[in-house]
Structure formats: C-alpha cells, structure tokens
Amino acid sequence: MQLFDLVNDQMAPSAQHIIGINPRRLSPVVHRSVPHPLDLRRPAFRPVLQPLKHMRYPCGVAAKDSRMTIAAGFRVMDGVLICADTEHSSGGILTHDTKLVPIDFGHGKAIFSYSGDNVDLARAAVQKCIARLRRSTPEEVTSHWDIAQIVEGIVDIEYRKHVCANPDPKDSSIYQVLLAAWSPNDGGDGPGLYSTWQGTIQECDSYECLGTGFYLGRYLIEAMFNRAMSLRSAQIVATYAIAQAKARVDGCSGQTHLVMLNTDGTIEGIEWEKTKRLEETFQSFDTQRWSVLFDRSEEHTSELQSLRH
C-alpha cells in the first residue's frame, strides 16, 4: 500500500481556524485554543507582558543543545510549504501557539517560522523583520532574494544585540528563522525558501528542517522528498515528518500547522482537523506496514527451512 495513495483525499487546502489541542505526556503545560496562522484579523503576536531584557550569551561558549520544537520548509515545483508543531517553552512553562506567521506587505509576501532554545528572542526578531518589510518600498523588493536580504539585515542586528556582538561561527545558533518569500517579479522561479544561522541567511533549494527534531525529520524527509513533487505531495511528507517527531522527540508536541506560498503569491493553509485525521491515517499505515513486514519475513523463513529439508 502506497502512503501517498492512502492519504490522497485528506489534504484539501483551507484557511479555517485550527481549534482544540490535546497534548499528552506534558507537565507543566498551559492549555488553550491555538489560533490558525492565517487568521490575519488578529495581530501576528500578542503583546509581550515582560520587556525583552535578556542576559547575553557569553561569546565563544557554545549554547546547550536544548533547541525546542521542530519546523520545516519544502520548496517544490509549484511553491513553498512551511510547517511546524506548536510547542513553546519559556521560563520552565510549556505553552502551545502557532509558529507560522504569514505576511502580505503589498509588494511581496512571506511566511516566517522559527526554532531555538530561546523563543522570545526568535519571536522578537521575526517581529522586527515584519515591521521592516512593511516599511520597505517596491524599489527595494524586486525578487524574493531582496526580501531575504532585508530579513538578514534585521536578524544580524538582533542577534548581535541580544546574543553576542561577535558571534563565533563554530558556536550553535541560539535560534533560527525559516522564511518563505515571494515577489511579483519572481515569475516562473516562484517563491524562495531561506533559513538563518546566527546572523546570516542562506537559500535552500529543496528543503530545510530546524529544531530539536531535525535529525529525525531530515532522515524521514530525505527518504520521501523529491524537488519535482507538488505542494499536495509535500503536505504528506511534512505531516508525516512532524507527526513522527512529535511522537518520538522530546520538545516536539501539539498541533501540526502547515501554510503554503504558491507560485502566484497566494497563501493557503491546512486546518488542524484535516491534518489530525491524516496523522491518524499514518498510524494505521505504520501498523499495516510492520504487519506486512513480519508476515513476509515469516514466509521467507519458512521457505528457507523447507529448502534445507
């Protein structure tokens, strides 16, 4: 049974609200409704109750490998897909909120996500990037590469201000930002996919996976992903990778959010209820897969024994 055929009818795009959450095995945790990232009627971020006064990380000292959550991006023939779980951890408190932030600033569009061991700094950097893009002019943005350069300039400033004035490339990145960017001038090239490391940004030609679950995510994605696939197929790969990370990696949990940036600049999202049903289909698929494997193995073993006699 093919995985893509099994779930082919469950991934129609929608922009409805994502509602409800039932994260198990988490304590302490704050439960509340998680807004859909495409609910543009509300601000991308709620006001932060405390001022961002963080102690700088000492330069030359690598950060602990405590990167939280997972986020991934896929660049395929008809656009870019960004996905992430909803777990946030700050100050010992575990909460759930969307990590996908779409923005339409008139002469371009973008989708942000982030991961790292300091989500406050990551969210603040994304806020500054959005504010700067909204102040940009059409002359500044002639391609998705120009959008990436604007984002890199802000991330570099914020990283040097709050983390380290002179980052060491050998150190870990305290947080990373994932970016899908589109300009009306991109034409057939479509939107671009980018990721940051410390204060720099790089273009990703196929896919990128960030966060504490990136080892497992890349392993699964590498076996399934094809640059020539469609966004519909990329949705299946993304949902499967995030679901497996949530089931097996500490620091990944909650809902799975997916947002797509098409080659024509339109932004679409998949509602959580459909993604949840798809994850349940994956569980059934895995059960059937192992059952078939053991059945075939027993048949092969029996054939070998009969040949020996």
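**Exercise 1.** Work out how S5 and S6 pair, and place them in their sheet.

*Solution.* Start with the pair: S5 and S6 run antiparallel, joined over four bridges (strands pair if DSSP finds at least two bridges between them; strands are DSSP E runs of at least two residues and helices H or I runs of at least four, numbered from the N terminus). Within S6, Lys-109 stands opposite Asp-104. Next, widen the view: five strands make an open antiparallel sheet, ordered S5-S6-S7-S8-S9. S5 and S9 (200-203) are its edges, each pairing on one side only.

A word on the source: this is a predicted model, where local features need pLDDT of at least 70 and side-chain atom pairs pLDDT 80 or more, while totals for chains, interfaces and linings use all residues. Residues are numbered from 1 along each chain as its sequence is written, and side-chain values use heavy atoms, without hydrogens or water.

**Exercise 2.** Find which residues Leu-133 touches, leaving out those up to four places away in sequence.

*Solution.* Look for contacts (heavy atoms within 4.5 Å): Leu-133 touches Ile-103, Phe-105, His-107, Phe-112, Ile-147, Ile-150 and Val-151.

**Exercise 3.** Explain why Cys-252 forms no disulfide.

*Solution.* First recall the cut-off: a disulfide is a pair of cysteine sulfur atoms within 2.5 Å. Then check the neighbour: the closest cysteine sulfur, in Cys-209, is 8.5 Å from that of Cys-252, so the two are too far apart for a bond. Finally, search the whole structure: zero disulfides turn up. Cys-252 is also buried, at 0% relative accessibility (buried means under 20% relative accessible area, exposed over 50%, partly exposed in between, with a 1.4 Å probe and protein chains only).
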